[in-house]
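Colleague: Put the model up, please. I want to ask what stands behind each label.

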Amino acid sequence: MKVHELSRADARRVAVRAQRLTADRPTDLHETVHDLWLLLLDPTAAVAPSADLVLWSRLGSAYEPRDLADALDEQSILEYRGTLRVAADLALYRAEMAVWPGPDDRLKDWQRAHRQWVTDNEGCRQDILELLRSDGPLPLSELPDTCVRPWRSTGWNNNRNVTMLLSLMVQMGDVAAAGGTGRARLWDLAERVYPPGPPVPLAEAYRVRDARRLAALGIARPRGPEQPVEPVDVGPAGEPAVVDGVRGEWRVDPALLDAPFEGRAALLSPFDLLLHDRKRMADIFEFDYIIEMYKPAAKRRWGYYALPVLVGDRLVGKLDATSDVRAGVLRVHAVHEDEPWDPAVRVAVDRELDDLARWLELDLVRPR
């Protein structure tokens with residue numbers, strides 16, 4: 001098979017096309033979520049919830065967050081382990097749920113520990129299933145904690161027994177989020193939430209998931225570090241490629257190689273899938289960025305929730321802004337230019353910033 005020889009610009013354009021960030025904007029919510037493969041959820045909403053920011057950056061100010069909330073309530077888009085996906089895609093995970101936590105000879109110590117914890121609390125698991133069967137869907141606050149062995153950790157999950165049990169029951173295919181997100185999330189039996197029909201067999205599901213992930217990323221490594229929910233690598237999907245100036249093997253979606261490219265400006269969520277694989281971001285985009293909300297304020301370079309700025313096929317800076325809904329303003333604290341922007345770039349970014357304020361229905365306040 002031919003090995004595609006790409007420049008960094010070629011690789012960036014493939015990635016930007018795949019993430020629907022070119023001038024040819026998508027217009028349909030469900031098609032966009034399908035093409036993006038997943039939306040990462042995060043509770044921080046310094047500007048807006050991450051999933052909404054991702055969709056606004058693709059669809060523009062025509063996007064209504066209420067449409068996503070309605071799709072979740074109607075279960076045409078579903079939450080799965082901290083991500084949002086079109087409902088049909090859950091068929092690609094149900095065979096894996098059925099064999100949770102996986103083949104015994106491949107389990108890591110932490111997976112065995114999770115299995116044992118569920119076994120020790122089988123009574124609580126059955127209590128939750130029985131209540132959901134009779135009265136579901138229900139919020140977390142109405143589910144009983146009858147665990148005989150508490151969840152122990154050194155972090156914020158200590159003693160959050162029902163929360164942790166539900167997380168594992170999702171992986172087992174017992175329960176599913178049945179509408180809403182965050183504190184408003186409802187839970188129900190998975191069989192009443194997931195679309196009917198047989199699960200995709202496990203080996204085929206892995207193959208399709210690799211292919212769909214590559215279609216959403218455009219270009220990715222065939223192998224990468226293990227991730228807790230969604231891999232950043234794509235196995236043998238697509239075709240082999242090398243990127244000039246970047247070491248290692250890549251896989252590329254050939255359908256995206258020869259398409260015309262017309263870029264635009266976009267303000268991205270810190271949890272945008274274009275940025276999620278930080279090594280790929282550094283290798284291809286040569287972009288220096290981390291989320292700084294976890295740093296002390298004095299040690300932040302770009303801001304608590306700085307939005308990466310895309311122009312064409314380059315990530316060119318960061319926007320430090322917060323939404324002050326009570327005051328009715330989108331407050332811009334700083335705009336960080338990685339290299340000095342020319343006037344055309346500044347106009348394009350300002351246009352996106354104006355659109356962001358309009359979409360949020362807030363007045364834009366810029367630094368003096």
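Colleague: What volume does the second largest pocket have, and why is it called a pocket?

Modeller: Its volume is about 310 Å³. The space counts as a pocket because it is an open set of 1 Å grid points over the protein atoms alone, with protein on both sides within 12 Å along at least five of seven lines. The volume is the space filled by probe spheres set on those points, joined across faces, edges and corners. One caution: this is a predicted model, where local features need pLDDT of at least 70 and side-chain atom pairs 80 or more, while totals for chains, interfaces and linings use all residues. Numbering starts from 1 along each chain as its sequence is written, and side-chain values use heavy atoms, without hydrogens and water.

Colleague: Which residues lie nearest the centre of that pocket?

Modeller: Arg17, Ala18, Arg20, Thr22 and Leu256, out of a lining of 18 residues. A lining residue has an atom within 4 Å of a point. Helices H1 (8–18), H2 and H10 each give two or more residues to this lining. H10 gives the most, with three.

Colleague: What makes up the lining of the second largest pocket by class?

Modeller: Nine nonpolar, two polar and seven charged residues. Ala, Val, Leu, Ile, Met, Phe, Trp, Tyr, Cys and Pro count as nonpolar, Asp, Glu, Lys and Arg as charged, and the others, Gly among them, as polar.

Colleague: How many cavities of 30 Å³ or more are there, and what makes a space a cavity?

Modeller: There are two. Each is a cavity because a 1.4 Å probe fits there but cannot get out. The largest holds about 70 Å³, the second largest about 30 Å³.

Colleague: What lines the largest cavity?

Modeller: Leu38, Arg213, Leu217, Glu230, Pro231, Val232, Leu273, His276 and Asp277. Helix H10 (202–217) and helix H11 (273–276) each supply at least two of the lining residues. By class, the count is five nonpolar, one polar and three charged.

Colleague: And where does the largest share of the second largest cavity's lining come from?

Modeller: From strand E3 (residues 77–80), with three residues. The full lining is Leu72, Ile77, Leu78, Glu79, Ala177, Ala178, Gly179 and Gly180. That gives five nonpolar, two polar and one charged.

Colleague: How do you know that E3 and E4 pair?

Modeller: Pairing takes at least two DSSP bridges between two strands. E3 and strand E4 (residues 83–86) have four, in the antiparallel sense, so they pair by that rule. One partnership is Tyr80 with Thr83 in E4. Helix H2 (residues 29–36) packs on the sheet, touching E2, E3 and E4, and its direction makes about 115 degrees with that of E4. Helix H4 (residues 65–74) also packs there, touching E3 and E4, at about 80 degrees to E3. Contact means heavy atoms within 4.5 Å.

Colleague: In what order do the strands of that open sheet run, and which are the edge strands?

Modeller: The order is E2-E4-E3, with antiparallel pairing. Strand E2 (39–40) and E3 are at the edges, as each pairs on one side only.

Colleague: Why is one side of E1 left without a neighbour in the sheet?

Modeller: That sheet is open, with four strands in the order E1-E9-E10-E8 and mixed pairing. E1 and strand E8 (219–220) stand at its edges with a single partner strand each, so one side of each has no neighbour there.

Colleague: What makes the pairing mixed?

Modeller: Strand E1 (residues 4–6) runs parallel to strand E9 (residues 239–243), over three bridges. E9 and strand E10 (residues 250–252) run antiparallel, also joined by three bridges. Glu5 has Val242 as its bridge partner in E9, and Glu239 has Val252 in E10. The hairpin of E9 and E10 has six residues between the strands, and Gly245 in the turn has a positive phi of about 85 degrees.

Colleague: Which elements make the β-α-β unit, and why is its hand called right?

Modeller: E14, helix H13 (residues 343–360) and E15. The unit is right-handed because, with the strands pointing away from the viewer, the path from the first strand over the helix to the second runs clockwise. E14 and strand E15 (residues 363–365) run parallel over three bridges, and Arg331 has Val365 as its partner in E15.

Colleague: How many bridges join E14 to E13?

Modeller: Eight, between strand E13 (residues 314–324) and strand E14 (residues 329–337), in the antiparallel sense. Gly317 stands opposite Glu337. Four residues lie between the strands of this hairpin, where Gly328 takes a positive phi near 75 degrees.

Conventions. Axes are lines fitted to C-alpha atoms, for helices over the stretch in contact, and angles run from 0 to 180 degrees between N-to-C directions.
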